[in-house]
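Here's a quick run through a model, question by question. Have a look at it, then read on.

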Amino acid sequence: MENKESKIRIQWFPGHMTKAKREMQEKMKMVDMVIELRDARIPNASKNPMIEELCGQKPHLIILSKKDKAQDVITKKWMDALSNETTKVIALDIIKENITPKVVAASKELMKAKIDRMIKRGIRPRAIRAMVVGVPNVGKSTFINRIAKKKVAVTGDRPGVTRSLQWSKVNQDLELLDTPGVLWPKFEDETVGVLLAITGAIRDEILPLEEIAAWAMRYLIAHHPDALVKRYGVEICDNPYEMLERVARKRGFMRNQEMDEKRTIETFLREIRDDKLGAISWEVPNEM
Ligand SMILES: Nc1nc2c(ncn2[C@@H]2O[C@H](COP(=O)(O)OP(=O)(O)OP(=O)(O)O)[C@@H](O)[C@H]2O)c(=O)[nH]1
Ligand SMILES: [Mg+2]
């Protein structure tokens with residue numbers, strides 16, 4: 001395997017980006033707040049910068065999903081780094097946790113000032129309306145299904161609201177738009193594409209897998225050498241390509257003394273995605 005330091009290029013096509021943005025702007029008018037999902041392992045790479053802009057001054061709840069796959073200490077730092085006056089951040093294992101009370105509580109806290117104003121003016125507060133947004137694969141569908149507990153009470157079209165809008169009632173305090181808004185991440189920086197690939201958010205067929213595996217290996221050598229030793233029983237060196245060969249030898253992925261590159265790389269990436277090397281945060285906030 002030769003050492004390639006060339007740029008990693010990931011092809012992607014924004015497709016219906018403009019249309020998606022326009023649709024989301026329309027939906028934004030109907031909601032009180034935005035619930036944005038990001039992957040806790042890559043809170044920066046799994047964001048879409050347009051969401052902040054679309055959100056404007058509306059309360060913004062960021063949910064760092066797949067908390068179970070990231071390192072708690074680093075996730076906490078992200079929560080601090082991302083929160084501000086209008087933005088609250090929580091981290092969840094969407095599959096295993098009882099997420100509804102946490103999401104309802106966080107939403108009510110964000111909307112407290114507005115709700116208090118309504119009560120003062122003698123208006124009985126209605127349920128908070130929220131839109132769920134996020135880039136592909138962050139867990140939007142899982143989130144909506146879990147929080148609505150499948151018995152989604154679709155309240156149907158509301159007069160004066162775009163006809164196709166449907167709401168899922170979570171409880172008397174919270175309603176969700178039943179289709180999440182999907183926007184693409186920003187591939188401006190090549191690292192973003194690599195991180196999305198490592199965490200399995202991009203289909204493997206379109207990826208330069210060898211370079212992605214080398215990038216992942218380089219990161220693990222620097223930040224999680226113990227996990228590599230434990231999983232593969234290899235001695236650490238600082239050349240990621242040599243490390244992949246060591247893994248191949250240990251696992252018997254050799255043909256005529258040569259490493260079976262495809263098998264080694266596919267196995268390595270799959271094991272990372274399946275948490276076989278443990279919970280790993282692939283991005284840390286700037287100040288760390
Ligand atoms: N371990 C773990 N897996 C999760 C969590 N949330 C979602 N997943 C998994 O992540 C994958 C993607 O989840 P989806 O709900 O399909 O994500 P999505 O945002 O709807 O994806 P698109 O529809 O492609 O935009 C699925 O395999 C989920 O089971 C979580 O908190 N922990
Ligand atoms: Mg989905």
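Q: Which ligand 1 atom lies 2.7 Å from a polar side-chain atom of Asp 68?
A: This is a predicted model, where local features need pLDDT of at least 70, side-chain atom pairs count only at pLDDT 80 or more, and totals for chains, interfaces and linings use all residues. Residues are numbered from 1 along each chain, ligands are numbered from 1 as written, and side-chain values use heavy atoms, without hydrogens and water. The Asp 68 pair is a polar contact (N or O atoms within 3.5 Å). The partner of Asp 68 is a nitrogen atom of ligand 1.

Q: How far is a backbone N or O atom of Gly 139 from an oxygen atom of ligand 1?
A: Asn 137 also puts a backbone N or O atom by a ligand 1 oxygen, at 3.0 Å. For the backbone atom of Gly 139, the value is 3.0 Å.

Q: Are H8 and H11 parallel or oblique to each other?
A: Helices here are DSSP runs (H or I, at least four residues). The axes of H8 (residues 209–223) and H11 (residues 261–273) come within 10 Å and cross at roughly 50 degrees. Angles under 35 degrees count as roughly parallel, over 145 as roughly antiparallel, 65 to 115 as roughly perpendicular and the rest as oblique. That crossing angle therefore makes H8 to H11 oblique.

Q: Which residues of H10 meet H9?
A: The axes of H9 (residues 225–232) and H10 (residues 240–251) come within 11 Å and cross at roughly 25 degrees, so the two are roughly parallel. Contact means heavy atoms within 4.5 Å. Leu 228, Arg 231 and Tyr 232 of H9 meet, in H10, Met 243, Val 247, Lys 250 and Arg 251.

Note on methods
Axes fitted to C-alpha atoms, helices over the stretch in contact; angles between N-to-C directions. Polar contact = N/O pair within 3.5 Å; in protein donor to acceptor, adjacent residues only side chain to side chain.
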